[in-house]
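Trainee: I would like to go through this structure one point at a time. Please give the reasoning before the value.

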Amino acid sequence: EVTNIGMKFTTVAMESLEQTSGQRVFIGYSNVSASVTLSADDPSSAHLFGFQQRAGDTNWFVCTKDSSTLSRVDTGVAVSTDVIKLIWYSDGAGTVLKWAIRSYANVDLGTGTLDTNLPGATTNMKFISGLEATEAAVKQIRHYRAREVTE
């Protein structure tokens, strides 16, 4: 379960990742290294939560994994959407992870709740943001601002 009560994390992706094939993207938290998290669609034995794009995905997905079962939810927000904010936060009780994708002007593009397959409460996690190219033609990932805010 998520135990950072009041935790809110926002990252602004200023350049859209328009490739829907030939790349794998993960932006979020994982207890395994960036190379392991990025090198597989479903990293073995990982605890994680974040935004993911697999080769072939035209939309961003939110994913959670509790070391055994990966859950993926389609956000409905296209990978090609320009300038977006990716946000995670707890429900205040520390048991439900919520997500939001907003435009740079704070217009909600999609929101939701993830309450299954959350990482264990005592799992040490690290923030990971990256792209793995599986073909020659890919876009770059660029972050202009990443911050943690407590509310």
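The questions below go from the overall fold to single residues and pairs.

Trainee: What kind of model is this, and in which order do the elements of the chain run from the N terminus on?

Mentor: This is a predicted model. The chain holds 1 helix and 10 strands. From the N terminus on, the order is β-β-α-β-β-β-β-β-β-β-β.

Trainee: What percentage of contacts between residues at least 6 apart in sequence join residues at least 24 apart?

Mentor: For background, the chain has 151 residues, and 44% of them count as buried. Its accessible surface comes to about 6,900 Å², with 44% of that belonging to carbon and sulfur atoms. Among contacts between residues at least 6 apart, the share joining residues at least 24 apart is 60%.

Trainee: Is Ser30 buried or exposed, and what is its relative accessible area?

Mentor: Ser30 is placed in strand 2, which covers residues 23-30. Leaving aside neighbours within four places in sequence, Ser30 is in contact with Thr37, Ala46, His47, Leu48, Met125, Lys126 and Ile128. Buried means under 20% relative accessible area. Ser30 is therefore buried, at 0%.

Trainee: Which residue has its backbone nitrogen 3.2 Å from a polar atom of the side chain of Ser30?

Mentor: The side chain of Ser30 supplies a polar atom to this pair, and the partner is a backbone nitrogen. The distance is 3.2 Å, and a polar contact needs N or O atoms within 3.5 Å. The residue that supplies the backbone nitrogen is Val32.

Trainee: How many residues apart in sequence are the parts tied together by the salt bridge of Asp41 and Arg24?

Mentor: In this salt bridge between Asp41 and Arg24, the closest N and O atoms are 2.8 Å apart. Asp41 lies in the loop between helix 1 (34-38) and strand 3 (47-53), whereas Arg24 lies in strand 2, so the pair ties together parts whose separation in sequence is 17 residues.

Trainee: Which residues are linked with Arg24 in a network of salt bridges?

Mentor: Arg24 also meets Glu132 in a salt bridge, at 2.3 Å from N to O. Arg24 is in strand 2 and Glu132 in strand 9 (residues 126-133), so this pair ties together parts 108 residues apart in sequence. Arg24 is buried at 14% relative accessible area, while Glu132 is partly exposed at 24%. The residues linked with Arg24 in the network are Asp41 and Glu132.

Trainee: Which residue, 29 residues from Asp41 in sequence, lies 9.6 Å from it, C-alpha to C-alpha?

Mentor: Asp41 is partly exposed, with a relative accessible area of 30%. Leaving aside neighbours within four places in sequence, its contacts are Arg24, Gln52, Arg54 and Leu70. The one that is 29 residues away in sequence and 9.6 Å away by C-alpha is Leu70.

Trainee: Which residue forms a salt bridge with Arg72 at 2.5 Å, N to O?

Mentor: The count of salt bridges comes to 5. Arg72 is partly exposed, at 23% relative accessibility, and its partner is buried, at 11%. The side chain that meets Arg72 at 2.5 Å belongs to Asp57.

Trainee: Which residues touch the most other members of the largest nonpolar core?

Mentor: This core has 16 residues. Strand 2, strand 3, strand 4, strand 6 (84-90) and strand 7 (97-103) each give two or more residues to this core. A second, separate core of 8 residues includes Val32, Ala46, Leu48 and Leu70. In the largest core, the residues touching the most other members are Phe51, Trp60 and Ile101.

Trainee: Is the aromatic pair of Tyr29 and Trp88 stacked or edge-to-face?

Mentor: The structure holds 5 aromatic pairs. In this one, Tyr29 lies in strand 2 and Trp88 in strand 6, so the pair ties together parts 59 residues apart in sequence. Both residues are buried. The ring centres are 6.3 Å apart and the planes stand at 75°, so the pair of Tyr29 and Trp88 is edge-to-face.

Trainee: Which residues form one aromatic cluster with Tyr29 and Trp88?

Mentor: Tyr29 and Trp88 are both buried. They belong to one aromatic cluster, and the residues that join them there are Phe49, Phe51, Trp99 and Phe127.

Notes. Residues numbered from 1 in each chain as written. Predicted model: local features only at pLDDT ≥ 70, side-chain atom pairs only at ≥ 80, totals over all residues. Heavy atoms only, no water. Helix = DSSP H or I, 4+ residues; strand = E, 2+ residues; numbered from the N terminus. Buried < 20%, exposed > 50% of the residue type's maximum accessible area, 1.4 Å probe, protein only. Contact = heavy atoms within 4.5 Å. Areas by Shrake-Rupley, 256 points an atom, 1.4 Å probe, with all protein chains shown as cover. Polar contact = N/O pair within 3.5 Å; in protein donor to acceptor, adjacent residues only side chain to side chain. Salt bridge = Lys/Arg side-chain N within 4 Å of Asp/Glu carboxyl O. Core = buried A, V, L, I, M, F, W, Y, C linked by side-chain atoms within 4.5 Å. Phe/Tyr/Trp six-rings, centres within 6.5 Å; stacked < 30°, edge-to-face > 60°.
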